[in-house]
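Me: I would like a close look at one part of this model. Please take me through the place where two helices meet, and what lies around it.

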Amino acid sequence: MSIRTERVASVVKERIGEILIHDYNDPSYGFITVTDVKMSPDLKIARVYVSVFGKEEVQAKAMKMLEAEKQHIRGMVASHVQLKFAPTLQFYLDHTQEEADKINRLIHKIHENDGPHSDSEQ
């Protein structure tokens, strides 16, 4: 990515985060966080990765809301970010934190099971 593309992605990420906090702060959607934005080289498409804190039903509801509201969010981004074209928004659920938590739980479980054995061998 070019420096300009990265800079635009950063501004779009910040703006969408602000919009979600101010306009879509509903507990039924869980806690939505914008984790990353990747812009196409021509700056016409923004792939927005979000993390939703909550159960699968809450995550599904939040993603459905984002899809329904993406034109409104796009308009709000366009009014803040001065570009020739307002980027088309594509929302994706980011499972990175869930996967990291799952791996940490597995590692913790392995260490719990190995703990007594390693102590008796020393």
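Reply: What follows starts with the helix pair, then turns to the core and a few single residues.

This is a predicted model. Begin with helix α1, residues 3–23, and helix α2, residues 56–80. Their axes come within 10 Å. They cross at roughly 120°. The two helices are therefore oblique to each other. The crossing of α1 past α2 is right-handed.

Which residues make the contact? From α1 come Val11, Val12, Arg15, Ile16, Ile19, Leu20 and Asp23. From α2 come Leu66, His72, Ile73, Met76, Val77 and His80. Sorted by class, nine of the residues in this contact are nonpolar, two are polar and two are charged.

Now pick out Arg15. This residue sits in helix α1. Is Arg15 buried or exposed? Its relative accessibility is 17%, and the cut-off for buried is under 20%, so Arg15 counts as buried. Setting aside neighbours within four places in sequence, Arg15 touches Met76, Val77 and His80. Those three residues are also on the α2 side of the helix contact.

Next, the core. The largest nonpolar core has 27 residues. Six of them touch the most other members: Val12, Ile16, Val48, Val50, Ile73 and Phe91. Where does the core come from? At least two residues each are supplied by α1, β1 (31–39), β2 (45–53), α2 and β3 (88–93). Helix α2 gives the largest share, with seven residues. Val12, Ile16 and Ile73 link the two topics, as they belong to this core and also take part in the contact of α1 with α2.

Phe91 deserves its own look. Leave aside its neighbours within four places in sequence. Phe91 is then in contact with Ile16, Val48, Val50, Met63, Leu66, Glu67, Lys70 and Ile73. Among these, Ile16, Val48, Val50 and Ile73 appear with Phe91 in the group that touches the most other core members.

Finish with Thr88. This residue lies in strand β3. Its relative accessibility is 33%, so Thr88 counts as partly exposed. Leaving out neighbours within four places in sequence, Thr88 has contacts with Lys44, Ile45, Ala46 and Arg74. How far apart are the C-alpha atoms of Thr88 and Ile103? They are separated by 34 Å, with the two residues 15 apart along the chain.

How values were computed. Residues are numbered from 1 along each chain as its sequence is written. This is a predicted model: local features need pLDDT of at least 70, side-chain atom pairs count only at pLDDT 80 or more; totals for chains, interfaces and linings use all residues. Side-chain values use heavy atoms; hydrogens and water are left out. Axes are lines fitted to C-alpha atoms, for helices over the stretch in contact, and angles run from 0 to 180 degrees between N-to-C directions. Helices (H or I, at least four residues) and strands (E, at least two) are DSSP runs, numbered from the N terminus. Angles under 35 degrees count as roughly parallel, over 145 as roughly antiparallel, 65 to 115 as roughly perpendicular and the rest as oblique. A crossing is left-handed if the near helix is turned anticlockwise from the far one by less than a right angle, and right-handed if clockwise. Contact means heavy atoms within 4.5 Å. Ala, Val, Leu, Ile, Met, Phe, Trp, Tyr, Cys and Pro count as nonpolar, Asp, Glu, Lys and Arg as charged, and the others, Gly among them, as polar. A nonpolar core is a set of buried Ala, Val, Leu, Ile, Met, Phe, Trp, Tyr and Cys residues joined through side-chain atoms within 4.5 Å. Buried means under 20% relative accessible area, exposed over 50%, partly exposed in between (1.4 Å probe, protein chains only).
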